[in-house]
Amino acid sequence: MKKIIAFLLAAVLVFALFGCQKADEPETTAPTTTTETTTKAPDPVNPLTGEKKYNKKAIGKRPVAIVVENLSPARPQWAIGSSDIIMEGEVEGGISRMLWIYADYTSVPDKVGPLRSARPSYVKFAKLFDAVYIHWGGSHSKQDYIGGYETIKRLKVDDIDGMAGGELFGRDQTRAVDMEHRGTLDGTKIAKTIKSKKYRTKIADKATSFSFNEKAAAVGTDAANSVGVKFSSITDTRRFTYNTDDKKYHTNDWMTDVSFTNLIILRDSSKYITTPYQRGGSVTYLNYDYKGGNGFLVSQGTKTAIKWDVKDGTLNLTTEDGKEVKLNPGKSYIGFSSTNHEGKVTFE
């Protein structure tokens, strides 16, 4: 009996010492908050204008270069001012011609023109951008002259020719001018035509590209409020006037207002070649040498001297001390002024 009582007393004592202690509490862990950092993809940029909100599907694709007439019966040209770049120079007999370059060929309007024929200098210029060359006809080789068609073949340029017909080309019926001034292009059908011809759409690794400022800035300290570009002694002068409101250079020489953010004026040697004309008489063609040299970049009411050359099949622009030229975001005009046939560039 005494043993039982002693056991019970011992049990009570153990309970008193340990049973009333507070039980160990589980460790508490503060809830983990996971913050996911989302990096916004940069806006697509047009490689020829430096402007944002570019068509994503056009990134890495080839541009197109369209030959457009510049005689007075052709003015105002349909859709002039719609291209990213207008290149202009002399072709023959004091006549100038244009090459309209679009980075995104799906953005070409449904009526462009009047289209005209291929010339060697323009084929070569389109090649610098790896562009699909669109024209209506072309010159042929005679004597010492290598024609536009032969240049296309020799350089293996992908081209689309209005002489071959097709739904891409048409004739405007609204203007009372000769037929050669009424050839039009339906830009909405370019993609279909490129596909049907099985042309490469990815742009080549070596193709002309430009660098751009993030924001527009003066390119020099010298003012350039009015600019005149004379291609040679026998051509007219393309005149531009700076507008301080929209900060662009405007011209009405094409019988409508057209504006550019950048004027790129390249001084180049040129060569006249006289050959018999198919209808009798003769024609004197002009070819640019693309040997490089000096020039001017004009933007934001200012100008600066630049240098240019063609290397590895691309057009390169540098400052006088050899640094890469940066353009301001926007459309550009590229004009060629002959150094050996009295071309002139004037500023006011």
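**Figure 1. Getting your bearings in the whole chain.** Helices and strands here are DSSP runs, numbered from the N terminus. With that in hand, you can place Ser139 in the loop between β4 and α3, a spot we come back to in Figure 3. Keep in mind that this is a predicted model. The protein chain has four helices and 22 strands. It has 348 residues, and 47% of them count as buried. Look at contacts with a separation of 6 or more, and you find that 68% of them link residues 24 or more positions apart. On the outside, the protein chain exposes about 18700 Å², with carbon and sulfur atoms supplying 52% of that area.

**Figure 2. One side of helix α3 faces its neighbours.** Helix α3 covers residues 148-155, and Gly148, Thr151 and Ile152 in it are buried. These three sit on the same side of α3, because they cover an arc of only 105° around the axis. What do the buried residues of α3 pack against? Their partners are α2 (120-128), β4 (132-135) and β5 (159-161). Just after α3 comes Lys156, whose phi is positive, near 55°.

**Figure 3. A close look at Ser139.** This serine belongs to the loop between β4 and α3. Is Ser139 buried or exposed? Ser139 counts as buried because its relative accessibility is 5%, and the cut-off for buried is under 20%. Leaving out residues up to four places away in sequence, Ser139 touches Ala118, Arg119 and Pro120, among others. Its contacts also include Tyr145, Gly147, Gly148, Tyr149 and Glu150, along with Tyr285. You've met Gly148 already: it is one of the buried residues of α3.

**Figure 4. Inside the largest pocket.** This pocket has a volume of about 850 Å³. Its lining is made up of 25 residues, and those nearest the centre are Arg116, Ser117, Tyr277, Gln278 and Arg279. Two strands to look for are β3 (95-102) and β16 (282-288), since each supplies at least two residues of the lining. Sort the lining by class and you get ten nonpolar, seven polar and eight charged residues.

**Figure 5. The second largest pocket.** Here the volume is about 230 Å³. How many residues line the second largest pocket? There are 17, and Pro47, Lys61, Ile203, Thr208 and Ser209 lie nearest its centre. By class, this lining has eleven nonpolar residues, plus three polar and three charged ones.

Key: Residues numbered from 1 in each chain as written. Predicted model: local features only at pLDDT ≥ 70, side-chain atom pairs only at ≥ 80, totals over all residues. Heavy atoms only, no water. Buried < 20%, exposed > 50% of the residue type's maximum accessible area, 1.4 Å probe, protein only. Contact = heavy atoms within 4.5 Å. Areas by Shrake-Rupley, 256 points an atom, 1.4 Å probe, with all protein chains shown as cover. 1 Å grid on protein atoms, 1.4 Å probe; cavity = no way out; pocket = protein on both sides within 12 Å on 5 of 7 lines; lining within 4 Å. Points joined across faces, edges and corners; volume = space filled by probe spheres on them. Nonpolar A, V, L, I, M, F, W, Y, C, P; charged D, E, K, R; others polar. Arc of directions from axis to C-beta.
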